[in-house]
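Here are my notes for someone opening this one up for the first time. Have a look at the picture, then walk through the points in order.

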Amino acid sequence: MNGSSQGNPAPLTVTSPDLAGGTFPREFTCDGANRLPRLQWSTPPSGTQEVAIEMLDPDAPGGTFTHWLAYGLSPGMSSLAAMPANAAEGVNDFGRRGAAHHYHFVVLALDARLGLAAGARRSDLDSRMRGHVLGRGELVATYQRG
């Protein structure tokens with residue numbers, strides 16, 4: 001494992017033109033078209049071999065709820081508008097949402113290729129990433145059903 005990935009990861013700046021004002025428009029939720037908002041992030045640190053994204057909801061009643069996982073993203077990427085063919089998506093948790101929730105898009109620059117097949121759970125992704133995070137950035141947006 002690369003020693004530089006053990007301490008504090010380098011900061012990544014994560015933004016989205018679709019989440020202006022820090023709120024989720026309905027079209028990006030299951031109440032609307034359920035589309036993925038466009039994400040943009042700063043250049044990952046040198047040595048990055050893969051980029052992974054987790055969309056998490058820590059306000060869920062049963063604890064942090066995983067809404068979406070993407071991994072196997074090219075280290076040269078700095079934005080995402082749709083899933084590229086060479087990347088993979090994991091499975092989300094199943095549960096209900098009610099009150100306002102904060103949705104965290106976490107972008108992680110990794111010093112290794114994870115080699116995870118499509119359909120991995122967040123626990124699999126997190127355990128494979130442990131000790132390999134070179135950079136980390138987060139974008140938070142809220143959504144409340146109407």
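**Notes on strands and charged pairs**

1. Let's start with a pair you can click on: Phe65 in β5 is the bridge partner of Asp57. Keep in mind that this is a predicted model. Asp57 itself sits in strand β4, so you're looking at a contact between β4 and β5 here.

2. Now widen the view to the two strands. Strand β4 covers residues 50-57, and its pairing with β5 is antiparallel, with 6 bridges. On its other pairing, β5 is joined to strand β7 (residues 88-89) by 2 bridges, and these two also run antiparallel. If you want a residue to look for there, Tyr71 has Ala88 in β7 as its bridge partner.

3. Is strand β5 mostly buried or mostly exposed? Strand β5 runs over residues 65-73, and 9 of its 9 residues are buried, so the rest of the structure largely encloses this strand. As a general reminder while you're looking at strands, side chains in a regular strand alternate between the two faces of the sheet.

4. Back to Asp57, which deserves a second look. Its relative accessible area is 1%, and because the cut-off for buried is under 20%, Asp57 counts as buried. What does the side chain of Asp57 reach at 2.9 Å? That would be the backbone nitrogen of Asp59. There's also the backbone nitrogen of Ala60, which is 3.5 Å from a polar atom of the Asp57 side chain.

5. There's also an open sheet to find: it has 3 strands in the order β2-β3-β6, paired antiparallel. At the edges are β2 (14-15) and β6 (79-80), each of them pairing on one side only. Strand β3 spans residues 39-41 and is connected to β6 through 2 bridges, with the two running antiparallel. To spot this in the viewer, find Gln40 and look across to Ser79 in β6, which stands opposite.

6. On to the charged pairs. Generally speaking, side chains of opposite charge can pair when their charged atoms come close. How many salt bridges does the structure hold? The count is 4. One of them is between the side chains of Arg38 and Asp18, at 2.6 Å from N to O. Arg38 and Asp18 both lie in the loop between β2 and β3, so this pair ties together parts that are 20 residues apart in sequence. Arg38 is partly exposed at 40% relative accessibility, whereas Asp18 is buried at 13%.

7. Another salt bridge has Arg113 and Glu50 meeting through their side chains, at 3.9 Å from N to O. This pair links distant parts of the chain: Arg113 is in the loop between β8 (101-110) and α1 (122-129), Glu50 is in strand β4, and they are 63 residues apart. Glu50 has a relative accessible area of 2%, which means that Glu50 is buried.

8. One more salt bridge to check: the side chains of Arg136 and Glu138 come together at 2.9 Å, N to O. How accessible are the partners? Arg136 has 37% relative accessibility and counts as partly exposed. Glu138, at 32%, is partly exposed too.

9. If you only have a minute, I'd go back to strand β4. Glu50 in that strand takes part in the salt bridge with Arg113, and Asp57, also found in β4, has Phe65 in β5 as its bridge partner.

Definitions and conventions: Residues numbered from 1 in each chain as written. Predicted model: local features only at pLDDT ≥ 70, side-chain atom pairs only at ≥ 80, totals over all residues. Heavy atoms only, no water. Pairing = 2+ DSSP bridges. Helix = DSSP H or I, 4+ residues; strand = E, 2+ residues; numbered from the N terminus. Buried < 20%, exposed > 50% of the residue type's maximum accessible area, 1.4 Å probe, protein only. Polar contact = N/O pair within 3.5 Å; in protein donor to acceptor, adjacent residues only side chain to side chain.
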